[in-house]
Amino acid sequence: MDKIGGDKQIPGEAAQTSLIVKCDVCGQQLNRRHLSSHKRLSHGKNNKSPVSIGDEAKAVETILALYLQLSTKSRNNVVKRLASLS
Ligand SMILES: [Zn+2]
C-alpha cells in the first residue's frame, strides 16, 4: 500500500464565509467571487437598471401570487425576511 503524502489541502471554507455578499438585484446570498458571474447569468448583461418599471409591476404581481399560495407559516417567514431587507 502506497501512501500519498504531501498532498495537503488548505481549508479555505471558513475564510470564504466572510465573503458572502448579497446580490443587489435579487437579494440572493452568494460568494463574492461568484457575484459577477451570477449577475451575468441570472440578470443578463451588466445592466445598471436591472428591472424596468413595467417589469417591476409584473414582479410584484408574481411575488404576490406566489405569496398567496404559501402556507401561513411560510407567509410569516416571507414577511419577516422582507422586513429585514428594508
Ligand atoms: Zn441576483
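Let me start with Asp-24, which sits in the loop between β1 and β2, the latter strand covering residues 29–31. In this predicted model, Asp-24 counts as exposed, because only 10 other C-beta atoms lie within 10 Å of its own, and 12 or fewer is the cut-off for that class. If you follow the chain onward from there, you come to Lys-39, which is 15 residues away from Asp-24 along the chain, while the C-alpha atoms of the two are separated by 9.3 Å.

Now please look at Leu-19, which lies in the loop that joins α1, residues 13–16, to β1, residues 20–22. Is Leu-19 partly exposed or buried? Leu-19 has 13 C-beta neighbours inside 10 Å and therefore counts as partly exposed, since a residue needs 20 or more to be called buried. Setting aside the neighbours within four places in sequence, Leu-19 is in contact with Asn-31, Arg-32 and Arg-33. For Arg-33, the separation in sequence is 14 residues, and the distance from Leu-19 in space is 8.0 Å, C-alpha to C-alpha.

That brings us to the helices, and I will take α2 before α4. Helix α2 runs over residues 32–43, and its 12 residues reach 16 Å from the first C-alpha to the last, which is close to the 16 Å expected at 1.5 Å a residue. The number of buried residues in α2 is zero, so this helix lies largely in the open. Just after α2 comes Gly-44, which takes a positive phi of about 75 degrees.

Helix α4 spans residues 72–85, and for its 14 residues the reach from first to last C-alpha is 20 Å, close to the 20 Å expected at 1.5 Å a residue. Here too we can ask how many of the 14 residues are buried. The number is zero, so α4 also lies largely in the open.

Let me step back to the whole protein, which contains four helices and two strands, and whose elements, read from the N terminus on, follow the order α-β-β-α-α-α. Of its 86 residues, 0% count as buried, so the cut-off of 20 neighbours matters when you read that figure.

Finally, a word on confidence, which should be kept in mind for everything I have described. The mean pLDDT of the protein is 80, and 70% of its residues reach 70 or more. Where is confidence lowest, and where is it highest? The lowest value belongs to α1, at a mean of 53, whereas the highest belongs to α4, at 93.

Definitions and conventions. Residues are numbered from 1 along each chain as its sequence is written. This is a predicted model: local features need pLDDT of at least 70, side-chain atom pairs count only at pLDDT 80 or more; totals for chains, interfaces and linings use all residues. Two residues are in contact if their C-beta atoms, placed from the backbone, lie within 7 Å. The expected span of a helix is 1.5 Å times one less than its number of residues. pLDDT is the predictor's confidence in each residue, from 0 to 100.
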